[in-house]
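Let's take a walk through this structure together. Have the sequence and the 3D view open side by side as you read.

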Amino acid sequence: MTGAVPDETFNALVDQRLSPKTEREVRQRLEGEPQALARALAWQRHSEALGSVFAPIAHEPLPLSVLLKLQASQPAWRPDPGMLRTVAVFCLGLACGLVLAWLASRHIPL
Amino acid sequence: MGRQAEATAQRLRRLARALIQDSEIADSLVIATLTIHEARAVPLTRMIATLIGLRRKHDDAPARAIQAHPPRGPAAPADVARAFEHLPLADREVLALVAVEHLSYEEAAAVLDIGFADFIGRLTRARTSLARVVDGEHHVVLRVVK
């Protein structure tokens, strides 16, 4: 327990993971405990500081070694069987159309 | 190359850098993690668990000496980061998963392969330790001596 509030709830307050209603209730309970409230604020500041210090790393360009690893990890391109079926049906239809057009041009006088 | 794969690698790099100061070792941990999960689509949390497992095999560099200074105003983010570096790895793990990676408590407990109650206890201890180093129980600010 962290003061009048269970540790799980206290940490969730610090991380702003409580519903607005629960947060109001917890803050009311902590009103009588200024030390606990100050601790929650300090812990929140520390978490935000850590988040802000490390956040830019996730936006840095990847180093070449990691990029090469990612490229090497990509599976060789394999066509999707569904796409192959669609292409085959299209080609078959096109071939039939061309044959019919050719036959028609031979047997139907213009 | 998939944008998602790049984004995953960037998040793994951020976590690795939170857990180890040497950026080259951090990148090698990311590469080792990607190698283990070679071309397989696995959840990010599983990759994070792998990275943490690999990180635990690395010894920490000897802790640098720290020196007490008179109290100042609220700690700057850089001060908090410096204090964070001095925490034991177990404390850095829980804080990094929650404050840097923003995992839910359930996800973070699963990554560390511990029960929920243990996780909450560890998170509370880690925050207490960090606050002790940042603010100083004896009203001192700890600074790194280069």
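What follows goes from the layout of chain B to its domains, then to one of its helices, and ends with the contact between the chains.

Please keep in mind that this is a predicted model. A good place to begin is the fold of chain B, which has seven helices and two strands. Follow the chain from its N terminus and you will meet these elements in the order α-α-α-β-α-α-α-α-β. Of the 146 residues in chain B, 36% are buried. If you look at the contacts in chain B with a separation of 6 or more, 65% of them join residues 24 or more positions apart.

Chain B is also divided into two domains: domain 1 covers residues 1–60, and domain 2 covers residues 63–146. Where they meet, eleven residues of domain 1 of chain B are in contact with eleven residues of domain 2 of chain B. On the domain 1 side, the elements that give two or more residues are helix H1 (3–19) and helix H3 (44–56) of chain B. H3(B) gives the most to this side, with five residues. Sorted by class, the domain 1 side has six nonpolar, two polar and three charged residues.

Now turn to helix H7 of chain B, which runs through residues 116–135. Its 20 residues, at 1.5 Å a residue, should span 28 Å, and the end C-alpha atoms are indeed 28 Å apart, so the expected span and the model agree. Which residues of H7(B) are buried? They are B:Phe119, B:Ile120, B:Leu123, B:Ala126, B:Arg127, B:Leu130, B:Val133, B:Val134 and B:Asp135. The spacing in that list makes sense once you recall that an α-helix has 3.6 residues a turn, so residues three or four places apart point the same way. Looking down the axis of H7(B), you will find its buried residues within an arc of 165 degrees, and therefore they line one face of the helix. On the face of H7(B) turned away from that buried side sit the exposed residues B:Ala117 and B:Asp118.

Finally, step back to see how the two chains meet. The contact takes 28 residues from chain A and 35 residues from chain B. On the chain A side, helix H1 (7–14), helix H3 (34–54) and helix H4 (64–73) of chain A are the elements that give two or more residues. H3(A) gives the most to this side, with eleven residues. By class, the chain A side divides into 13 nonpolar, ten polar and five charged residues.

Terms used. Residues are numbered from 1 along each chain as its sequence is written. Chains are lettered from A and ligands numbered from 1 in the order in which they are written. This is a predicted model: local features need pLDDT of at least 70, side-chain atom pairs count only at pLDDT 80 or more; totals for chains, interfaces and linings use all residues. Domain bounds come from an automatic or database domain assignment. Two residues are in contact if their C-beta atoms, placed from the backbone, lie within 7 Å. Helices (H or I, at least four residues) and strands (E, at least two) are DSSP runs, numbered from the N terminus. Ala, Val, Leu, Ile, Met, Phe, Trp, Tyr, Cys and Pro count as nonpolar, Asp, Glu, Lys and Arg as charged, and the others, Gly among them, as polar. A residue is buried if 20 or more other C-beta atoms lie within 10 Å of its own, exposed if 12 or fewer, and partly exposed in between; C-beta atoms are placed from the backbone. The expected span of a helix is 1.5 Å times one less than its number of residues. The arc is that of the directions from the helix axis to the C-beta atoms.
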